[in-house]
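Biologist: Please take a close look at the aromatic pairs in this model, and say where the partners sit and whether they are buried or exposed.

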Amino acid sequence: MFYTMSRLLFALFIVLASSFSCVHSANKHKPIMLTPDTFESTLLQYDMVAVLFCVSWCPYCNGFAEQLPKIYSMLEEKILADESMAIEFGDDVTLQFAVVDGERQHPLTHHLGIDRYPTLLLFDKGMVYEYEGKRTGDGLMEWLHKRVRDR
């Protein structure tokens with residue numbers, strides 16, 4: 001039963017992560033689902049990339065997934081009007097959200113040394129920052145704003 005519930009919650013997470021929408025452009029804004037083939041090019045394309053590494057069997061991943069709607073609503077007014085879920089943080093800093101399915105993309109997670117889930121990494125001009133705060137929308141927003149200010 002627990003395993004089935006975890007699978008269902010993870011499926012909900014993937015649906016949430018892949019269906020972010022913006023009022024003026026419904027169903028176009030969503031985090032990028034990264035693979036080993038798209039990882040480096042994505043990092044080069046944006047100023048900052050926040051990557052959530054998750055797996056279906058992890059209750060903490062599922063709990064963090066429940067925070068995604070709140071995080072999205074906090075960022076909604078900052079979303080750029082293009083096909084991605086890139087966020088304008090002022091001073092021409094663009095943040096892109098991405099998700100890596102640790103089960104399906106094991107070569108990528110292994111290469112990056114990801115050994116626990118969920119892991120949220122922020123990639124910024126060759127630097128990597130790991131989010132170790134509370135798994136809440138407010139906590140994540142505070143951390144992201146601090147990282148942008150400290151650039």
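Modeller: What follows goes through the aromatic pairs, with the cut-offs given as they come up. The model is predicted, so to speak of local features requires pLDDT of at least 70, side-chain atom pairs count only at pLDDT 80 or more, and totals for chains, interfaces and linings use all residues. Residues are numbered from 1 along each chain as its sequence is written, and side-chain values use heavy atoms, leaving out hydrogens and water.

Searching the whole structure gives 3 aromatic pairs (Phe, Tyr or Trp rings, the six-membered one for Trp, with centres within 6.5 Å; planes under 30 degrees apart are stacked, over 60 edge-to-face, the rest tilted). In one of them, Phe39 and Phe123 are edge-to-face, because their ring centres lie 5.4 Å apart and their planes meet at 85 degrees. Phe39 belongs to helix 2 (residues 39-45) and Phe123 to strand 5 (residues 119-124), so this pair ties together parts 84 residues apart in sequence (helices, H or I of at least four residues, and strands, E of at least two, are DSSP runs numbered from the N terminus). Phe39 and Phe123 are both buried (under 20% relative accessible area; exposed is over 50%, partly exposed in between, with a 1.4 Å probe and protein chains only).

Trp57 and Tyr117 form another edge-to-face pair, with 6.2 Å between centres and 85 degrees between planes. Here, too, distant parts of the chain are linked: Trp57 is in the loop between strand 2 (48-54) and helix 3 (59-75), and Tyr117 is in the loop between helix 4 (106-112) and strand 5, 60 residues apart. Trp57 is partly exposed, at 46% relative accessible area, whereas Tyr117 counts as buried at 16%.
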